[in-house]
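Here is a short report on a structure with protein and DNA. Look at the sequence and the model first, then read on.

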Protein chains: 2
Amino acid sequence: MPTASAGAAAASAFAAHDHARCAAETLAQAEAVAVAAGLRLTPVRRRTLEILLESHRALGAYEVLDRLAAEGFGRQPPVAYRALDFLVDAGLAHRVQRLNAFAACMHPGRAHQPVFLICRSCNAVAEVPAAAVHAAVAAAAPPGFAVERVTAEAVGLCASCRGAAA
Amino acid sequence: MPTASAGAAAASAFAAHDHARCAAETLAQAEAVAVAAGLRLTPVRRRTLEILLESHRALGAYEVLDRLAAEGFGRQPPVAYRALDFLVDAGLAHRVQRLNAFAACMHPGRAHQPVFLICRSCNAVAEVPAAAVHAAVAAAAPPGFAVERVTAEAVGLCASCRGAAA
DNA sequence: GATTGACCTGTTACAGTATCACATACCATA
DNA sequence: TATGGTATGTGATACTGTAACAGGTCAATC
């Protein structure tokens, strides 16, 4: 039941969890995916992914670039953009359109175009499975339109921020 | 039956139609909405909406700004952004995240958070009703997450561009 | 008529996001 | 070692968006 497990993983972005382990496991999965696909997870790319994995937030390209530059990698915008684009193309990260920012993919390897849930208070971003959403979009499109990719992002308040506000 | 009529209107963005009339009617509706809401459709704002209504494409803020400047309005970015933000807030235009661009709302006055269909060939943008999509997103979110706004955008090929490619 | 206050328009300056173009370095393999 | 593909570094530049402030317009009120 992929939906249930993905849902659990998604929920964890908004729940207390052992994040060090969460990040390490996801990184290990990403490495396996890269090897299997014959892609090279070079130092810049790997470090970029690690930076994204440090939190469940989406980071701007220049936020990533600052981190990379501080660690001795290049300090020009293309350094960050190339690494981020690679990760996105490889399915190891996602771009969050609404924030013009990037987040690590929390279950790499599985083909998926997730829906993103963005908490407007703590800025955490979670992925949830989106098959039903895509089906709804396809159903809403006029007959001749061929839907190829769907971007769906929701802004709201996560459980803990709601609790804090109340 | 709002769904059916909205669907027909959406389909028209990808279909041959009397666009002058389409734009004029939408502008008239927008004016009525603005009056009803006590909002002022000033010259800059009105002209901005007209520019968006000239096509079913989404225009970048600077594209709009160039047009405004050429017609004697201010030539600084805030001029365009303020007009566009006003139109979006008033429900007379929408922002298309994926393109960092703006499109006129084709059925102003009705509360709606539409799904956008973007043709990657001709760049036309259509709105389609999205109630089912929002429901699917809400259903996919973990229990504690309160969804407030949903952005859904689909990229694909419209019927006529598919025909042209074949 | 003068004053007030809300709103609108305009400007400067700048912050953040993204790409182009080119040079160089690395690495696998023949 | 020669070669070709891939990755990285660098500078420049384009595109997108916002903050802060000055002045103008207009209606309501004094």
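Start at the DNA. A polar side-chain atom of B:Gln76 sits 3.4 Å from a phosphate oxygen of DNA strand C. Note that this is a predicted model, and every value here is computed from it.

**DNA strand C**

B:Gln76 has company. A:Tyr81 also reaches the backbone of DNA strand C: one of its polar side-chain atoms is 3.0 Å from a phosphate oxygen. A:Tyr62 goes to a base instead, with a polar side-chain atom 2.8 Å from a base nitrogen of DNA strand C.

Which residues come nearest to this strand? Of the 17 residues around DNA strand C, they are A:Tyr62, A:Tyr81, A:Arg95, B:Thr42 and B:Arg82. Both chains appear in that list. Of the strand C atoms within 4 Å of the protein, 47% belong to sugar or phosphate, and the rest belong to bases.

Three helices each supply at least two residues of the surface near DNA strand C. They are helix H5 (77-89) of chain A, plus helix H3 (43-53) and helix H5 (77-89) of chain B. By class, the residues of this surface divide into 8 nonpolar, 4 polar and 5 charged.

**DNA strand D**

Now turn to the other strand. There are 15 residues around DNA strand D, and A:Thr42, A:Arg82, B:Tyr62, B:Tyr81 and B:Arg95 come nearest. Sugar and phosphate make up 44% of the strand D atoms that come within 4 Å of the protein.

Helix H3 (43-53) and H5 of chain A, together with H5 of chain B, each give at least two residues to the surface near DNA strand D. That surface has 7 nonpolar, 4 polar and 4 charged residues.

The table sets out polar contacts from side chains to both strands.

| Residue | DNA strand | DNA atom | Distance |
|---|---|---|---|
| A:Tyr62 | C | base nitrogen | 2.8 Å |
| A:Tyr81 | C | phosphate oxygen | 3.0 Å |
| B:Gln76 | C | phosphate oxygen | 3.4 Å |
| A:Arg45 | D | phosphate oxygen | 3.1 Å |
| A:Arg82 | D | base nitrogen | 2.5 Å |
| B:Tyr62 | D | base nitrogen | 2.8 Å |

Take Tyr62 as an example. In chain A its side chain is 2.8 Å from a base nitrogen of strand C. In chain B its side chain is 2.8 Å from a base nitrogen of strand D.

**How the two chains relate**

What rotation superposes chain A on chain B? A rotation of 180° does, with 0.0 Å of shift along its axis and an RMSD of 0.1 Å. The two copies are therefore related as by a two-fold rotation axis. In chain A, the C-alpha nearest that axis belongs to A:Ala152, which lies 2.1 Å from it. Both copies use the same surface: 100% of the contact residues of chain A recur in chain B.

**The cavity**

How many cavities of 30 Å³ or more does the structure hold? There is 1. The largest cavity contains about 60 Å³ of space. Its lining consists of B:Leu52, B:Ser55, B:His56, B:Arg57, B:Ala103, B:Ala104, B:Met106, B:Val125, B:Ala126 and B:Glu127.

Two elements of chain B give two or more residues to this lining: strand S2 (101-104) and strand S4 (125-128). The largest share, 3 residues, comes from S4(B). By class, the lining residues divide into 6 nonpolar, 2 polar and 2 charged.

Note on methods
Residues are numbered from 1 along each chain as its sequence is written. Chains are lettered from A and ligands numbered from 1 in the order in which they are written. This is a predicted model: local features need pLDDT of at least 70, side-chain atom pairs count only at pLDDT 80 or more; totals for chains, interfaces and linings use all residues. Side-chain values use heavy atoms; hydrogens and water are left out. On a 1 Å grid over the protein atoms alone, a cavity is a set of points where a 1.4 Å probe fits but cannot get out, and a pocket is an open set with protein on both sides within 12 Å along at least five of seven lines; lining residues have an atom within 4 Å of a point. Grid points are joined across faces, edges and corners, and a volume is the space filled by probe spheres set on the points. Helices (H or I, at least four residues) and strands (E, at least two) are DSSP runs, numbered from the N terminus. Ala, Val, Leu, Ile, Met, Phe, Trp, Tyr, Cys and Pro count as nonpolar, Asp, Glu, Lys and Arg as charged, and the others, Gly among them, as polar. A residue is near a molecule or strand if one of its heavy atoms lies within 4 Å of it. A polar contact is a pair of N or O atoms within 3.5 Å; within protein, one must be able to donate a hydrogen and the other to accept it, and residues adjacent in sequence count only if both atoms are side-chain atoms. Copies are superposed by least squares on the C-alpha atoms of residues with pLDDT of at least 70 in both. Contact means heavy atoms within 4.5 Å.
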